[in-house]
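Open the model in a viewer and keep the selection panel at hand. The stops below are meant to be taken in order.

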Amino acid sequence: MNIVAHEPQTLLGGLSAAEFLAKYWQKKPLLIRGAFVDFVSPLSPDELAGLACEDGIEARLVEEHGQDEQGRDKPWQVSHGPFDEATFARLPERDWTLLVQAVDHYVPEVNALLEHFHFLPRWRLDDIMVSYAPPGGSVGPHVDQYDVFLLQASGTRHWQLGGKVSDDVPIIPGIDLRILEHFEVQPDQEWLLEPGDMLYLPPGMAHHGVSRSTDCMTFSVGFRALSADESITSFADYLGEQLPASHRYTDPNLAPPTHPGEIDDAAIARMRALILNTLDDPAQMLEWFGRAMTQPKYTDQLVPSESPTDIAQLVAELQGGSVLERTLGSRFAYRDHGNSRATLFVDGDGLACDTGLAFLLAGNRPIDADTLDHPGSAEILAQLLDHGSLGWPYADENEDEDA
Ligand code: SIN
Ligand code: CO
């Protein structure tokens, strides 16, 4: 029995995981007061601004009543980072928002929050975006395509929900944000969120959150779901690389054409069978899906090791008490094939390995000397170190000392 599914969870307002999934997940919003009890933000607005000034970190600034580069008034102005001190110095006292993507990839204390979402598959999680806004700051009323948990980390934000909207809902043209032209709050669908409160929204729900304090920080725990368009293109690419050139359109039962220019029903039926039969391959689908769902958000964040790991040295390090760490932002999942064999998916790659090892690595248990009890573990750990998906905790400190 899955204990977690049936236990009431504070994070879900006293609902069990099974109740939340059945009643709310992908269906309707849920306001959870005190989801995190006595929550203290693991990040300050200044630290967030610091991240927004770093190269390679995706940051945006959204200003309401802003001006474009030519000094023309615009209802909304979006600029992209990296920013500098001068950017923050020129900002007014209200009506703007700083957004930083994937803060969980950079700040271990923010990453640690993801452990609380264990009632959902880890590979469905995308990242934690963090916003800071002075009073009046918002990103405008909008709709997201993904499920999101909006955790109030500090200060207060006033949220309004406008119900489900269709894909072709009108949006304000000419800005780099999809702000709804019309937004009408639904009855009883507005709340002031305080630190530790959380609002779950399914995809397609119009929402508008406006800061009501000088220290409003909101953490958006967002999920990933491939569109049909992305799935088909990506799966076809994956399969295509493995198909022999001889696997192609054939017509050994060809009947004489009534007109040499006509494409008849039989031709279409042959093509349809070729495509559908080739695609309908559950084993390949699994191999592709695991890779697709563990594709890192930013591939340049994985730093491969300069030289291949020496396996004897790796074993000695672990036996000497060192513990390997999963790289922040690295993604792990597995599929159990039975008979103690599994495919471990890590950062868009698939590795055949022992099930116990896959189970451990795709979870959150420490990767210490006990890991070596699993057959073939040293080789798998060495590969993951080489790819940059695992690392030694002291690697960064040594680099700092050398600098
Ligand atoms: C925000 O934090 O300001 C916006 C988050 C969202 O609406 O998705
Ligand atoms: Co949103």
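The tour goes from the domains to the metal site, then to the nonpolar cores and a cavity. The model is a predicted one.

**Domains.** Colour the chain by its domain assignment, which gives domain 1 as 8–223, domain 2 as 228–251 + 264–280, and domain 3 as 299–391. Domain 2 is thus written as two segments. For a distance check, place a centre on the C-alpha atoms of domain 2 and another on those of domain 3; the two centres are 35 Å apart.

**Metal site.** Next, select the cobalt ion (ligand 2) and show the side chains of H142, D144 and H207. These are its protein donors, acting through NE2 of H142, OD of D144 and NE2 of H207, at 2.0 to 2.1 Å from the ion. Along the chain the donors follow the spacing H-x1-D-x62-H. Which class does H142 fall into, buried or exposed? H142 is buried, because its relative accessible area of 13% is under the 20% cut-off. D144 has a relative accessible area of 28% and is partly exposed.

**Nonpolar cores.** Now select F20 and F149, the residues with the most contacts inside the largest nonpolar core, which has 46 residues. Beyond its neighbours within four places in sequence, F20 touches L12, L15, W25, L30, F119, F149 and Y200. A second core, separate from that one, has 22 residues; select L314, A342, L390 and W392 to see some of its members.

**Cavity.** How many cavities of 30 Å³ or more does a search of the whole structure find? It finds one. The largest cavity has a volume of about 50 Å³. To locate this cavity, select its lining: H105, P296, K297, Y298, Q301, L302, T327, L328, G329 and S330. By class, the lining has four nonpolar, five polar and one charged residues.

Technical notes
Residues are numbered from 1 along each chain as its sequence is written. Chains are lettered from A and ligands numbered from 1 in the order in which they are written. This is a predicted model: local features need pLDDT of at least 70, side-chain atom pairs count only at pLDDT 80 or more; totals for chains, interfaces and linings use all residues. Side-chain values use heavy atoms; hydrogens and water are left out. Domain bounds come from an automatic or database domain assignment. Donors are N, O and S atoms within 2.8 Å of the metal (3.2 Å for Na, K and Ca); water is not among the atoms, so sites may look incomplete. Buried means under 20% relative accessible area, exposed over 50%, partly exposed in between (1.4 Å probe, protein chains only). A nonpolar core is a set of buried Ala, Val, Leu, Ile, Met, Phe, Trp, Tyr and Cys residues joined through side-chain atoms within 4.5 Å. Contact means heavy atoms within 4.5 Å. On a 1 Å grid over the protein atoms alone, a cavity is a set of points where a 1.4 Å probe fits but cannot get out, and a pocket is an open set with protein on both sides within 12 Å along at least five of seven lines; lining residues have an atom within 4 Å of a point. Grid points are joined across faces, edges and corners, and a volume is the space filled by probe spheres set on the points. Ala, Val, Leu, Ile, Met, Phe, Trp, Tyr, Cys and Pro count as nonpolar, Asp, Glu, Lys and Arg as charged, and the others, Gly among them, as polar.
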